[in-house]
Amino acid sequence: MNVRAAAANVLFQVVDKGHSLSHALPAAQKTIRPRDHALLQEICYGALRYLPRLESIANELMDNPLKGKKRVFHHLILVGIYQLSFMRIPSHAAVADTVEGTKTLRGENLSGLINAVLRNYLRNQEQLDQMAVSHNAGKYGHPNWILKMLQESYPEQWEAIVEANNSKAPMWLRVNRQHHTRDEYQLLLDEAEIEYTLHPEAADAIKLTTPCDVTLLPGFEKGWVSVQDAAAQLAINYLQPQEGELILDCCAAPGGKTAHILEHTEDTEVVALDSDATRLNRVHDNLERLNLKADVICGDARYPQQWWQGGQFDRILLDAPCSATGVIRRHPDIKWLRRANDIHALAELQREILQVMWQQLKPGGTLVYATCSITPQENVLQVKDFLARTTDAQLIGSDPEQPGRQILPGEQDMDGFYYAVMVKNA
């Protein structure tokens with residue numbers, strides 16, 4: 001398939017049909033040559049980062065919007081505008097290859113329209129670009145409800161958060177200390193001439209200066225290293241698993257934190273729970289590559305009686321279902337798939353799971369509440385509410401008036417994440 005046509009189809013699936021980019025993109029990659037995978041990803045991620053800007057330009061250039069069965073061609077126009085605006089592809093090639101995509105999409109009769117729209121954009125690019133950023137959604141590449149939330153919650157940092165969300169995410173590695181220390185793995189990267197920097201807090205984290213294919217990483221196929229953002233790696237710092245404990249990783253898929261716990265301990269029983277059977281396949285795959293073993297269970301965290309007949313847990317890592325507003329730079333489709341009213345529904349679900357999981361924790365045990373969100377309702381306010389109604393819960397390591405730690409996107413080049421540590425009074 002023509003790469004531009006494939007990209008248009010991905011945008012159509014995400015924006016119009018509500019499918020996730022992590023589902024639509026791999027499906028589209030199967031229809032094109034492997035050497036074009038990176039180009040497809042660049043176009044799709046970029047177009048979703050700047051979607052309102054591209055939409056404004058496209059709407060300005062067309063007298064009548066493309067509807068119904070022609071909607072995919074609207075997205076083909078967005079693909080063309082994105083290339084001309086942000087990529088180094090020569091303009092004549094970007095236009096020609098985008099127009100060529102009409103053949104793959106069986107719309108050759110629209111090739112003249114798309115060619116005219118893109119060439120009109122080239123002729124009037126400066127004025128159209130200025131028009132496209134005259135409103136906040138176009139200027140900042142975020143829907144207005146997220147901008148409002150950021151401005152109210154982080155009045156001094158919101159613009160930095162927006163900038164981080166619109167940037168390309170770095171590639172962080174997690175060294176498997178069952179095989180090497182981080183210092184030892186650094187030497188292997190030096191030998192492979194792969195440049196990197198270290199994280200000051202996450203003891204197993206290495207950031208590559210330039211992302212690369214995992215097959216180029218020393219010992220990746222042997223389980224020596226995994227790809228995981230440094231913010232997610234900090235879970236181990238807060239959980240502090242000990243030998244011989246029974247530990248639950250709740251909402252565990254795709255399994256990075258489960259594996260990290262096992263890499264840090266020798267004689268520990270880890271239960272990895274998730275309600276999504278498909279996503280649990282990733283947990284199995286990761287554990288197999290790393291040669292680690294956990295009790296992987298498919299079940300709803302709200303109803304432990306349906307999936308657990310054992311005793312209470314020494315430690316629970318509750319990586320709660322959330323809006324994922326902290327990982328927008330990795331998943332730009334979140335901006336367009338989430339709605340403002342999702343936050344309240346998610347907070348209610350988190351509240352329910354947190355209450356139930358607390359009952360599964362031993363007296364004296366530790367629960368780490370975590371999300372990859374940056375909304376106060378899902379994080380600080382959630383934990384404050386829990387502490388107010390739970391007499392045997394003691395907050396550890398933070399101020400009860402501002403409980404937990406909120407990591408904002410871009411902080412130490414990490415994803416946005418939240419952690420709160422609570423101990424159950426004996």
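Colleague: Let's start with charges. How many salt bridges does the structure hold?

Modeller: The structure holds 25 salt bridges. Keep in mind that this is a predicted model.

Colleague: Sure. Which residues are linked in a network of salt bridges?

Modeller: That network links Lys 207, Asp 229, Arg 329, Arg 330, Asp 413 and Asp 415.

Colleague: Let's look at Arg 329 from that set. Is Arg 329 buried or exposed?

Modeller: Arg 329 counts as buried, because its relative accessibility is 3% and the limit for buried is under 20%. You'll find Arg 329 in the loop between β8 (313-319) and α17 (334-337).

Colleague: And what does Arg 329 touch, leaving out residues up to four places away in sequence?

Modeller: With those neighbours left out, Arg 329 touches Arg 49, Ala 164, Asn 165, Ser 167, Ala 169, Pro 170, Asp 229, Gly 410, Asp 413, Met 414 and Asp 415. Among these, Asp 229, Asp 413 and Asp 415 also belong to the salt-bridge network.

Colleague: Nice. Now some single pairs. Which side chain meets Glu 401 in a salt bridge?

Modeller: That is Lys 384, at 4.0 Å from N to O. Glu 401 sits in the loop between β10 (393-396) and β11 (405-407) while Lys 384 is in helix α19, so the pair ties together parts that are 17 residues apart in sequence.

Colleague: How accessible is Glu 401, and how accessible is Lys 384?

Modeller: Glu 401 counts as exposed at 55% relative accessibility, and Lys 384 counts as partly exposed at 32%.

Colleague: What about Asp 300 and Arg 302, what is their N to O distance?

Modeller: Their side chains meet in a salt bridge at 2.7 Å, N to O. Asp 300 is partly exposed, with 22% relative accessibility, and Arg 302 is partly exposed too, with 27%.

Colleague: Okay, domains. How is the chain divided?

Modeller: There is domain 1 (3-141), domain 2 (170-228) and domain 3 (238-424).

Colleague: Where do the C-alpha centres of domain 1 and domain 3 lie, how many Å apart?

Modeller: Those centres lie 37 Å apart. The contact takes 11 residues from domain 1 and seven residues from domain 3.

Colleague: What area is buried between domain 1 and domain 3?

Modeller: About 770 Å², and carbon and sulfur atoms give 66% of that. On the domain 1 side, Tyr 45, Leu 48 and Arg 49 lose the most area to domain 3, together 41% of what that side buries.

Colleague: And how many salt bridges are counted between domain 1 and domain 3?

Modeller: The count there is zero.

Colleague: Switching to the interior. How many residues are in the largest nonpolar core?

Modeller: It has 51 residues, and those with the most contacts inside it are Leu 21, Leu 40, Phe 73, Ile 77 and Ile 81. Elements giving two or more residues to this core are α1 (3-16), α2 (21-29), α3 (37-49), α4 (51-61), α5 (71-86), α6, α7 (111-123) and α8 (125-132).

Colleague: Which residues does Ile 81 touch, beyond those up to four places away in sequence?

Modeller: Beyond that range, Ile 81 touches Leu 54, Ile 57, Ala 58, Leu 118 and Tyr 121.

Colleague: You mentioned α6. Where does Thr 102 lie?

Modeller: Thr 102 lies in that helix, α6 (residues 91-104), and is buried with a relative accessible area of 1%. Its contacts more than four places away in sequence include Phe 73, Leu 76 and Ile 114. The C-alpha atoms of Thr 102 and Phe 73 are separated by 7.5 Å, although the two are 29 residues apart along the chain.

Colleague: Last topic. Which residue does the UniProt annotation "active site" cover?

Modeller: In the unreviewed UniProt entry, that annotation covers Cys 372. In the model, Cys 372 is found in the loop between β9 (361-371) and α19 (380-389).

Colleague: Is Cys 372 buried or exposed?

Modeller: Cys 372 is buried, with a relative accessible area of 17%. Leaving out residues up to four places away in sequence, Cys 372 touches Cys 322, Ala 324, Thr 325, Gly 326, Val 327, Gly 416 and Phe 417.

Technical notes: Residues are numbered from 1 along each chain as its sequence is written. This is a predicted model: local features need pLDDT of at least 70, side-chain atom pairs count only at pLDDT 80 or more; totals for chains, interfaces and linings use all residues. Side-chain values use heavy atoms; hydrogens and water are left out. Helices (H or I, at least four residues) and strands (E, at least two) are DSSP runs, numbered from the N terminus. Buried means under 20% relative accessible area, exposed over 50%, partly exposed in between (1.4 Å probe, protein chains only). Contact means heavy atoms within 4.5 Å. A nonpolar core is a set of buried Ala, Val, Leu, Ile, Met, Phe, Trp, Tyr and Cys residues joined through side-chain atoms within 4.5 Å. UniProt positions are given in the numbering used here, feature names are shortened, and annotations may be inferred rather than shown by experiment. Domain bounds come from an automatic or database domain assignment. Buried area is the accessible area (1.4 Å probe) that two parts lose on being put together, summed over both.
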